[in-house]
Amino acid sequence: MSTDAASATPLIQLRGITKTYGQGATLLQALKGVDLDIEAGDFVAIMGPSGSGKSTAMNVLGGLDTPTTGHYLFQGVHVETLTRDQRARLRRRYLGFVFQGFNLLARTSAQENVELPLLYRGESASNRHAAAAKALEQVGLKGWEHHTPAELSGGQQQRVAIARAIVTEPAVLLADEPTGNLDTQRSQEIMALLWRLNVDHGITVLMVTHEPDMAQYARRIVRFVDGVVASDTRNENPIGLQAPAASTPSAAPSTQSGPAVNPPTEEAH
Ligand SMILES: Nc1ncnc2c1ncn2[C@@H]1O[C@H](COP(=O)(O)OP(=O)(O)OP(=O)(O)O)[C@@H](O)[C@H]1O
Ligand SMILES: [Mg+2]
């Protein structure tokens, strides 16, 4: 996964991806041949009806599941040929997830939940602590660090999950309905936050949403219908360009020089 390969090819290339579940009478083809290129730094909203294959595609993109047929290249590397361990390493190093059903640890504080990905990366306790506190502040949860998920609302839990996904400053953030549990105000704050991560930190954002208002934050809107990409359009005027990013009320100003958050390229191999 050299940087040379990254500059020569799109960050992500899907070619003829299919995904079949079950067998015989219960056979279901969730993806029927998906072709998609995603450039580094893009902000893509994935839309489409329920059952159209959005989450299945996100699972493939996130290296959580392998396609039945087709090719998935990440920085030119064929992900579909990687072992389970290699895919796990790809995820830890490059990807952050906010997924449907990606649960927080129940008896563990928000702070510790957010620190977990940094623990897997071998960060020191002080780095973990500072980065997790900053990520929680970014999602508007300052003061809630020591609450467990049971002591938080659904929307707050969702924000903990987002903090956990961004705490490593991943190259790609994969978010499956990240505002699904949130009211309009909080949704807009989360979207403004994703926008800032995209613009200020260059994080490529792939987000599933059912809400057209939220999709308007994206630079590109890909619509799935019945397991294929039915349309793919650029949004020339994403909401984040219409108003200064500083207009997010509860999000703390980012201290970009902060020492705790490492760029994804920092690891040597
Ligand atoms: N693990 C699985 N086993 C069997 N079928 C599955 C599995 N996961 C998804 N499917 C089926 O694949 C199809 C696509 O599902 P997927 O979850 O990708 O849809 P989606 O577009 O994310 O829908 P939603 O908007 O409701 O989240 C559906 O018909 C679903 O029932
Ligand atoms: Mg889904």
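The sheet comes up before anything else: four strands, open, in the order 2-1-4-5, with antiparallel pairing. At its edges sit strand 2 and strand 5, the latter covering 77-78, and each of these pairs on one side only. Keep in mind that this is a predicted model.

As a reminder, strands of a sheet pair through backbone hydrogen bonds, either parallel or antiparallel. Here, strand 1, residues 12-21, runs antiparallel to strand 4, residues 69-74, and five bridges join the two. If you want one pair to click on, take Leu14, whose bridge partner in strand 4 is Tyr72.

Moving on from strand 4, the loop between strand 4 and strand 5 holds Gln75. Most residues other than glycine have a negative phi. Gln75 has a positive one, near 50 degrees. Is Gln75 buried or exposed? Gln75 counts as buried because it has 22 C-beta neighbours inside 10 Å, and the cut-off for buried is 20 or more.

There is a second case of this kind. Glu177 is also not a glycine, and its phi is positive, near 50 degrees. Glu177 lies in the loop between strand 7, which spans 172-176, and helix 7. Glu177 is buried too, because 21 other C-beta atoms lie within 10 Å.

Next, the ligand. Which residues surround ligand 1? The shell consists of Tyr21, Gly22, Leu28, Ala30, Gly48, Ser50, Gly51, Ser52, Gly53, Lys54, Ser55 and Thr56. By type, that gives three nonpolar residues, eight polar and one charged. Two elements supply at least two shell residues each: strand 2, 28-38, and helix 2, 54-61. Helix 2 has the largest share, three residues. Strand 2, then, contributes to this shell and is also an edge strand of the sheet.

Now the helices further along the chain, beginning with helix 4, residues 110-120. Its buried residues are Ala110, Gln111, Asn113, Val114, Glu115, Pro117 and Leu118. What do they pack against? The partners are helix 5, at 125-138, and helix 6, at 154-166. Just after helix 4 comes Gly122, with a positive phi of about 80 degrees.

From helix 6 I picked out Ala163. Why is Ala163 called buried? Because 28 other C-beta atoms lie within 10 Å of its own, against a threshold of 20. Leaving aside neighbours up to four places away in sequence, Ala163 touches Val114, Ala135, Leu136, Gln138, Val139 and Leu141. Val114 is one of the buried residues of helix 4. Another residue on that list, Ala110, is 53 residues from Ala163 along the chain, and their C-alpha atoms are separated by 9.2 Å.

Ala163 turns up once more in the largest nonpolar core, which has 67 residues. The residues with the most contacts inside that core are Val44, Ile46, Ala163, Val205, Leu206 and Met207. The largest share of the core, seven residues, comes from helix 7, residues 184-201.

To close, two items to look at on screen. One is the shell of ligand 1, with helix 2 as its largest contributor. The other is Ala163, in helix 6, among the residues with the most contacts inside the largest nonpolar core.

Key
Residues numbered from 1 in each chain as written. Chains lettered and ligands numbered in written order. Predicted model: local features only at pLDDT ≥ 70, side-chain atom pairs only at ≥ 80, totals over all residues. Near = placed C-beta within 6 Å. Nonpolar A, V, L, I, M, F, W, Y, C, P; charged D, E, K, R; others polar. Pairing = 2+ DSSP bridges. Buried ≥ 20, exposed ≤ 12 C-beta atoms within 10 Å, placed from the backbone. Contact = placed C-beta atoms within 7 Å. Core = buried A, V, L, I, M, F, W, Y, C linked by C-beta atoms within 7 Å.
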